[in-house]
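Here are my notes after a first pass through the model. Have a look at the structure, then go through the points below.

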Amino acid sequence: MPELPEVETVRRGLSPAMVNRQIAQVELRRKDLRFPFPPNFTRRLRGREILTLRRRAKYLLADLDDQMSLIMHLGMSGSFRVEEETLGDFVHARNRLTAHDHVIFHLSNGQRITYNDPRRFGFMLVIPTADILTHPYFSHLGVEPLSKMLNAKFLARAFNERKTSVKSLLLDQHVIAGIGNIYACEALYEAKISPLREGGDLVTKKGTPTAALMRLPKTIKDVLEKAIAAGGSSLRDHRQTNGGLGYFQHQFKVYSRENEPCYNCGKNKNISRLIQSGRSTFYCPGCQK
DNA sequence: AACACCCCCTGTCGGC
DNA sequence: TGCCGACAGGGGGTGT
């Protein structure tokens, strides 16, 4: 589920609850998510203070007070919720747990943070903070799409001579890190670029960006920023940490709108769906060239 | 190197 | 009503 805007929404929701707080206890309600929890996972977190909560691509990184960092990935269906857990409330709190509440962080201030993940594609691990940059999960990640690193010049270099479709390139976390299926579709629509175009086709023979490629960095940033402002997109599982829904799904122009009219072309053209790299792509054949 | 394809897992939805 | 297949926001591995 969660692409960059959803993970960022979660980060902002968790920060007030987690940062400068101590983890009193971590409760695992099963031994694995996508992978088994590493040995001593709970012991390494118990008693630690969380200094910062960062996001890199679709990962959440909680830096601890002992030079270690808790790495969390939400997979397709992970979500967190923050609740009060006073002593008197404890029994009631337990009763509010559901079948897919897999990890509970009990904080020393009486709050608890519960990780829920029906599909269990998410995972958590603890590694030294200093090792994050060289860790296999992070060392090959591409640029942050909301940073200045993402610009037309960068994309021209990354796309040059690539025969891969621009849609697949946007999903490639080695190029840009954090875009997922929804926002790749939406950004290409806004840029009026067909998802079927080869990457190299968006670069001139001189290696400079074409006019179409010049539009793309801004549409990516715009769609991600608007989605963050809306609290992300809630299709099934995504929740803000207070339990509220994101509402960017109401602003989708193409995603999940197969056979519905294009807002740009009117009733002349409908949104199409096709499969690229095994994922659904939604686009308008009328205005995306 | 770069691609298509498959898998992990659970839930939901539409068609019959 | 129930059953069954398709599909879902991610990402890693394999084989070509």
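1. Start with the pairing of E4 and E8. This is a predicted model, and in it strand E4, residues 68–73, is joined to E8 by 6 bridges, with the two strands running antiparallel. If you want a spot to anchor your view, methionine 68 sits opposite proline 128 of E8.

2. Now zoom out to the sheet that holds this pair. It is an open sheet of 4 strands, ordered E2-E3-E4-E8, and the pairing is antiparallel. Its edges are strand E2 (50–56) and strand E8 (123–128), each of which pairs on one side only. On average, neighbouring strands here are turned by 20° against each other, ignoring direction. Helix H1, residues 4–18, packs on this sheet and touches both E2 and strand E3 (59–64). The direction of H1 makes about 175° with that of E2.

3. There is another open sheet to look at. Which order do its 4 strands take? They run E1-E6-E7-E5, again with antiparallel pairing. Strand E1 (23–28) and E5 are at the edges with a single partner strand each, so one side of either strand has no neighbour in the sheet. The twist from one strand to the next averages 20° in this sheet.

4. Within that sheet, check E1 against strand E6 (residues 101–107). The two are antiparallel and joined by 5 bridges. Glutamate 27 faces isoleucine 104 of E6 across this pairing.

5. On to the domains. Chain A is split into domain 1, covering 4–139, and domain 2, covering 152–283. Their C-alpha centres are 29 Å apart. As for contacts, 19 residues of domain 1 meet 17 residues of domain 2.

6. How much area is buried between domain 1 and domain 2? The figure is about 1400 Å², and carbon and sulfur atoms account for 64% of it. On the domain 1 side, Pro5, Glu6 and Thr9 lose the most area to domain 2, together making up 36% of what that side buries.

7. What about polar links between the domains? The rule finds 0 salt bridges across the interface of domain 1 and domain 2. It does find 6 residue pairs in polar contact there, with both residues at pLDDT 80 or more. H1 and strand E5 (79–84) each give at least two residues to the side of domain 1 that touches domain 2. The largest share of that side comes from H1, with 9 residues. So when you look at H1, keep two roles in view: H1 packs on the sheet with E2 and E3, and H1 also supplies residues to the side of domain 1 that touches domain 2.

8. Last, the salt bridges. By the rule used here, the count comes to 17. One worth displaying is in H1: the side chains of glutamate 8 and arginine 12 meet in a salt bridge, 2.8 Å from N to O. Where do these two residues lie? Both are in helix H1, 4 residues apart, which is about one turn of the helix. As general background, side chains of opposite charge can pair when their charged atoms come close.

Definitions and conventions:
Residues numbered from 1 in each chain as written. Chains lettered and ligands numbered in written order. Predicted model: local features only at pLDDT ≥ 70, side-chain atom pairs only at ≥ 80, totals over all residues. Heavy atoms only, no water. Pairing = 2+ DSSP bridges. Axes fitted to C-alpha atoms, helices over the stretch in contact; angles between N-to-C directions. Contact = heavy atoms within 4.5 Å. Domains from an automatic or database assignment. Buried area = accessible area lost by both parts, 1.4 Å probe. Salt bridge = Lys/Arg side-chain N within 4 Å of Asp/Glu carboxyl O. Polar contact = N/O pair within 3.5 Å; in protein donor to acceptor, adjacent residues only side chain to side chain.
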